[in-house]
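Student: I should like to take a close look at one part of this structure. Could you please guide me through a single helix and its surroundings?

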Amino acid sequence: MKPIIFSGLEYCLNNKRASCELSYDALYEIGARSIPLVISSSKSLEELIDLVHEFPVIPYLIGENGASFAVPMDSKLNKHFSWNQTKVAYNVTYDPNSKSLILNVLEEARSQIGDCFIEFSKINSNHSSRLADLNYSDLKRALNRDANEVLIWQGNDYQWWQFVNFIEEKSLRVQSSEFFIQVMDTKHTKKTAMFALLTLFQETFPEIPWYSVGFGSLEEDVLMLEHVDYPVVVRRPKLKELRLEREDYQLTHSFTSEGWNESLFQFLNLNLQKL
């Protein structure tokens with residue numbers, strides 16, 4: 001068997017300061033052993049491509065919580081991969097209907113609930129102070145989302161309750177974070193993107209039995225972790241530990257990227273000989 005690693009980005013490869021430096025030792029080792037790495041995040045693909053361009057290994061990318069994913073242009077997977085467009089050194093695919101559906105639903109929500117949110121696609125410089133200290137280049141990459149929409153919330157608690165119920169009635173889902181609200185199509189999750197990429201590997205290399213390894217720390221990672229062969233929950237400082245329904249998952253000893261680095265080496269050292 002050959003491992004393929006699916007990993008969340010937030011609180012896994014990076015730490016609370018959004019630095020990935022503590023994960024570099026394991027990234028070098030993955031590259032040296034030619035183990036495929038798939039990074040999964042709520043960020044746009046353009047944000048991810050900018051982030052990973054200095055990594056010691058070239059990863060595959062899942063963006064917007066599973067609504068889009070990207071394959072390096074020099075990968076053999078492209079023989080079986082249909083893509084919408086090219087971004088830098090990646091071929092990219094996403095559902096082109098998702099974004100228009102979401103924007104139409106948001107207009108309906110505004111007409112019924114009120115003008116209580118601002119879409120990223122309508123953002124301007126007057127709102128830049130609300131965007132988590134993003135500079136212009138980072139802001140531009142964050143705004144360029146292919147298949148979902150991010151909002152700045154400006155409403156009250158009752159409007160929020162109305163909004164969430166309205167969105168869910170339209171078969172969409174809402175994810176709330178410290179700074180933003182993300183509206184997504186329920187058809188697309190990190191799990192569906194993971195299986196799509198895993199299928200590409202199986203079709204491209206049918207002679208290889210793949211063994212999926214998953215790292216995650218956020219609620220959005222749960223579906224992915226529930227379906228890999230070897231799940232690892234990465235601990236987060238001062239935050240509630242992520243729980244899975246399955247009982248065979250590993251829990252890191254250290255937090256964030258330090259825990260990710262340690263647990264990946266532990267897997268490589270203890271499990272590769274058994275595969």
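Tutor: The following describes helix α4 and its contacts. This is a predicted model, in which local features need pLDDT of at least 70, side-chain atom pairs count only at pLDDT 80 or more, and totals for chains, interfaces and linings use all residues. Residues are numbered from 1 along each chain as its sequence is written, and side-chain values use heavy atoms, with hydrogens and water left out.

Helices here are DSSP runs of H or I with at least four residues, numbered from the N terminus. Two packed helices are described by the angle between their axes and the distance between the axes. Helix α4 (residues 96–113) packs with helix α6 (residues 157–169) at an angle of about 140 degrees, and their axes are 10 Å apart. Axes are lines fitted to C-alpha atoms over the stretch in contact, and angles run from 0 to 180 degrees between N-to-C directions.

Contact means heavy atoms within 4.5 Å. On the α4 side, V105, L106, E108, A109, Q112 and I113 take part, meeting Q159, Q162, F163, F166 and I167 of α6.

Helix α4 also holds S98. This residue is buried, with a relative accessible area of 1%; buried means under 20%, exposed over 50% and partly exposed in between, with a 1.4 Å probe and protein chains only. Leaving aside residues up to four places away in sequence, S98 touches A147, D185 and H188. The side chains of S98 and H188 make a polar contact at 3.3 Å, that is, a pair of N or O atoms within 3.5 Å, where within protein one must be able to donate a hydrogen and the other to accept it, and residues adjacent in sequence count only if both atoms are side-chain atoms.

Technical notes:
Helix = DSSP H or I, 4+ residues; strand = E, 2+ residues; numbered from the N terminus.
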